[in-house]
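Visitor: I should like to look closely at a single part of this structure, with enough of its surroundings to understand where it sits. Could you begin with the chain as a whole and then lead me to that part?

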Amino acid sequence: MKVLLNGEMVQLPEHVLFVSDVLNHYEIHDKVVVVEVNGEILTKLEHQSTRLADKDKIEIVHFVGGG
């Protein structure tokens with residue numbers, strides 16, 4: 001399926017069905033992230049239950065420390 005991920009249209013592998021799968025695929029599942037799907041901010045618990053569909057708009061923001 002194709003989704004708009006952080007402003008870029010990407011083709012996701014067939015096994016990527018849920019938001020948590022996207023985070024695992026891009027190896028950011030261990031980071032503190034905020035995920036928005038189609039304008040709706042998800043809680044961390046919703047990452048595993050939110051199923052994606054073709055042409056969904058996903059925004060993922062993760063925090064980087066520094067100083």
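Guide: The protein chain has 67 residues, and a compact globule of that length would have a radius of gyration near 11 Å; because the chain has 12 Å, its value agrees with that expectation. Please keep in mind throughout that this is a predicted model. Taken along the principal axes, the C-alpha atoms fill a box of roughly 40 × 25 × 20 Å. Of the 67 residues, 30% are buried. Among contacts with a separation of 6 or more, 55% are between residues 24 or more positions apart.

The chain contains one helix and five strands. Read from the N terminus, these elements follow the order β-β-α-β-β-β. The part I propose to examine is strand β1, which covers residues 2–5.

Consider first how the side chains of β1 are arranged. In a regular strand, side chains alternate between the two faces of the sheet. Strand β1 shows such an alternation: Val3 and Leu5 point to one face and are buried, whereas Lys2 and Leu4 point to the other face and are not buried.

Lys2, which lies in β1, illustrates the second of these faces. Its relative accessibility is 43%, so Lys2 counts as partly exposed; the class lies between buried, under 20%, and exposed, over 50%. Beyond its neighbours within four places in sequence, Lys2 is in contact with Met9, Val10 and Gln11, and also with Ala53, Asp54, Lys55 and Asp56. Lys2 and Val33 offer another view of the chain: 31 residues separate them in sequence, and their C-alpha atoms are 21 Å apart.

Now turn to the partners of β1. One of them is strand β2 (residues 8–11), which runs antiparallel to β1 and is joined to it by four bridges. Within this pairing, Val3 of the buried face stands opposite Val10 in β2. The two strands form a hairpin with two residues between them.

The turn of that hairpin deserves a moment of attention. Asn6 lies in the loop between β1 and β2. Its phi is near 50 degrees, a positive value in a residue other than glycine. Asn6 is partly exposed, because its relative accessible area is 41%.

Another partner of β1 is strand β5 (residues 57–62), with which it pairs in the parallel sense over two bridges. Here Leu5 has Ile58 as its bridge partner in β5. Thus β1 pairs in the antiparallel sense with β2 and in the parallel sense with β5.

Lys57 in β5 shows how this pairing brings in other parts of the chain. Leaving aside neighbours within four places in sequence, Lys57 touches Leu4, as well as Glu36, Val37 and Asn38. Lys57 and Gly7 are 50 residues apart along the chain, yet their C-alpha atoms are separated by 8.0 Å. With a relative accessible area of 41%, Lys57 is partly exposed.

One of those contacts, Asn38, belongs to the loop between β3 (33–37) and β4 (40–42). Asn38 has a positive phi of about 50 degrees although it is not a glycine; a positive phi of about 50 degrees was also noted for Asn6 in the hairpin turn. At 47% relative accessibility, Asn38 counts as partly exposed.

Finally, for the wider setting, let us consider the largest pocket. It holds about 210 Å³ of space. Its lining includes Ser20, Leu23, Asn24, His29, Lys44, His47 and Gln48, and also Val33, the residue compared above with Lys2. By class, the lining has three nonpolar, five polar and three charged residues. Helix α1 (residues 19–25) gives the most to this lining, with three residues.

Ser20, found in α1, is one of the lining residues. At 16% relative accessibility, Ser20 counts as buried, because the limit for that class is under 20%. Not counting residues up to four places away in sequence, Ser20 touches His47 and Gln48, and both of these also line the pocket.

To return to the chosen part: β1 has Val3 and Leu5 buried on one face, pairs with β2 through four bridges, and pairs with β5 through two.

Technical notes:
Residues are numbered from 1 along each chain as its sequence is written. This is a predicted model: local features need pLDDT of at least 70, side-chain atom pairs count only at pLDDT 80 or more; totals for chains, interfaces and linings use all residues. Side-chain values use heavy atoms; hydrogens and water are left out. On a 1 Å grid over the protein atoms alone, a cavity is a set of points where a 1.4 Å probe fits but cannot get out, and a pocket is an open set with protein on both sides within 12 Å along at least five of seven lines; lining residues have an atom within 4 Å of a point. Grid points are joined across faces, edges and corners, and a volume is the space filled by probe spheres set on the points. Ala, Val, Leu, Ile, Met, Phe, Trp, Tyr, Cys and Pro count as nonpolar, Asp, Glu, Lys and Arg as charged, and the others, Gly among them, as polar. Buried means under 20% relative accessible area, exposed over 50%, partly exposed in between (1.4 Å probe, protein chains only). Two strands pair if DSSP finds at least two bridges between them. Contact means heavy atoms within 4.5 Å. The radius of gyration is taken over C-alpha atoms; the globule rule is 2.2 Å times the number of residues to the power 0.38.
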